[in-house]
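Q: Please take a close look at a single part of this structure and explain how that part is put together. I am new to it, so give each term its cut-offs when you first use it.

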Amino acid sequence: MRMAPRLRGPRISREASFTLNIIISTEMTSEAVAEKVWNGLIHVRIFYKDLEFLLDAKRILYFPVYYSRIIDYFHAALGSGSGNLRSNPVWLEYEDVPIKWNLPIGLLYDLLYLPSKNNKSEVSTWNLQFKVASAETPYPSQHIIPFPSNGDCVGYEKMLNQVFINSLKQACYVANGNARSVMNLSEDDTYALWRAMAKHDMGVFSSVRNKVNLPLRGARQRVPVKLYVAGSASLLQAPVWSQDENAMETTLIRAVSQQISGISPGNLPHLYIHGINVDVLHDEPILEVWDRFRFLDNFLYIVIVMQE
């Protein structure tokens, strides 16, 4: 069996905790926090046949960004036995369940893998299975979004870009009541977003995304937030206002409590953003949390781990 590259030492959980401590103790600027979030990593081990591929995946990115690299590795390792790796759609599975590639990698990890760790701090590698569509194993389009294919190649880049722009439009609509600023992006701008993600170029990505209208401080407005319950497929998405009718700021825990029944001061869930336990930020204004921790599509994704 061909050996995979050596796996580098565990960094992500330590870096995540360190980042949170810095935010709280020194009140870093949103730009500084964004840089920390931008560089967060997850160690992923991908198995295919008798091979494995080790990947340091960026938390904020999407798995299709890495598909060509993974495919090229397995294709080279298998040689003539690689089959239709480059012409048939591929996907990843965790515990025999296809994972939704349209969600950020870090969010998927926190949703699917975090509960199994029982909130322990030890760092481990996320093991995934690599699958290739065939007559015997068709693409699971009933569970995950399919990719366009012309028989010779698969449009991973095109579909990811389309899905990402749609999500950016949704966030813009939530905040502004319309998605005009995203729809007005030029074709060069939308392509630049994709290339910046693929090359992990924060400067280029930020310069284009800044053309999209964002919530303004000091005004009562809707904040783009999505809540997920760890270990389930539950998505809770409802209007989250930055302030109530009396101009009182909505805190992080209040925003969550408005969407989940049964939460009380003595039974608060654990909240995770980018793999960081943010329980200490319960009383922070939701707009401040959004500003520091929003994902690439301008949504703030919060993973809720209910206490037993």
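A: Two strands are said to pair if DSSP finds at least two bridges between them. Helices (H or I, at least four residues) and strands (E, at least two) are DSSP runs, numbered from the N terminus. The model is predicted, so local features need pLDDT of at least 70 and side-chain atom pairs count only at pLDDT 80 or more, while totals for chains, interfaces and linings use all residues. Residues are numbered from 1 along each chain as its sequence is written, and side-chain values use heavy atoms, with hydrogens and water left out.

The part chosen here is an open sheet of five strands, arranged in the order E2-E1-E5-E3-E4 with mixed pairing. Its edges are strand E2 (51–58) and strand E4 (97–98), each of which pairs on one side only. Strands of a sheet pair through backbone hydrogen bonds, either parallel or antiparallel. The description below follows the sheet from E2 across to E4.

At the E2 edge, E1 and E2 run antiparallel and are joined by eight bridges. Within this pair, Ile 42 stands opposite Ala 57 in E2. The two strands form a hairpin with two residues between them. One residue of the turn, Lys 49, has a positive phi of about 55°.

How much of E1 is covered? Seven of the eight residues of E1 are buried, where buried means under 20% relative accessible area, exposed means over 50% and partly exposed lies in between (1.4 Å probe, protein chains only).

On its other side in the sheet order, E1 is next to E5. E1 and E5 run parallel, with four bridges joining them. Val 44 has Trp 126 in E5 as its bridge partner, and Phe 47 stands opposite Gln 129 in E5.

Strand E5 takes up residues 126–132. In a regular strand the side chains alternate between the two faces of the sheet. One face of E5 is covered and carries Trp 126, Leu 128, Phe 130 and Val 132. The uncovered face of E5 has Asn 127, Gln 129 and Lys 131.

Beyond E5 comes strand E3 (residues 90–94). Four bridges join E3 to E5, and these two strands run antiparallel. Here Glu 93 stands opposite Gln 129 in E5. E3 also pairs with E4 in the antiparallel sense, over two bridges, and Tyr 94 stands opposite Val 97 in E4. That pairing brings the description to the E4 edge.

Helices lie across these strands as well. Helix H3 (residues 64–78) lies across E1 (41–48), E2, E3 and E5 and runs at about 160° to E2. Such angles run from 0 to 180 degrees between N-to-C directions, and the axes are lines fitted to C-alpha atoms, for helices over the stretch in contact. Contact itself means heavy atoms within 4.5 Å.

How far apart are the end C-alpha atoms of H3? They are 21 Å apart, which agrees with the 21 Å that its 15 residues should span at 1.5 Å a residue; the expected span is 1.5 Å times one less than the number of residues. The buried residues of H3 are Pro 64, Val 65, Tyr 66, Tyr 67, Ile 70, Ile 71, Tyr 73, Phe 74 and Leu 78. After H3 comes Gly 79, which has a positive phi near 60°.

Helix H4 (residues 105–112) lies across E1, E2, E3 and E5 too, and runs at about 115° to E5. H4 also lies across strand E6 (225–229) and strand E10 (300–305), at about 10° to E10.

E6 and E10 belong to an open sheet of five strands in the order E7-E6-E10-E8-E9, with mixed pairing. The edge strands there are E7 (235–236) and E9 (276–277), and each pairs on one side only. E8 and E9 pair in the antiparallel sense over two bridges, with Asn 277 in E9 as the bridge partner of Tyr 272. Helix H10 (residues 286–293) packs on this sheet, touching E6, E8, E9 and E10, and its direction makes about 110° with that of E10.

In outline, the chosen part has the strand order E2-E1-E5-E3-E4, with H3 lying across E1, E2, E3 and E5 and H4 lying across those strands and across E6 and E10.
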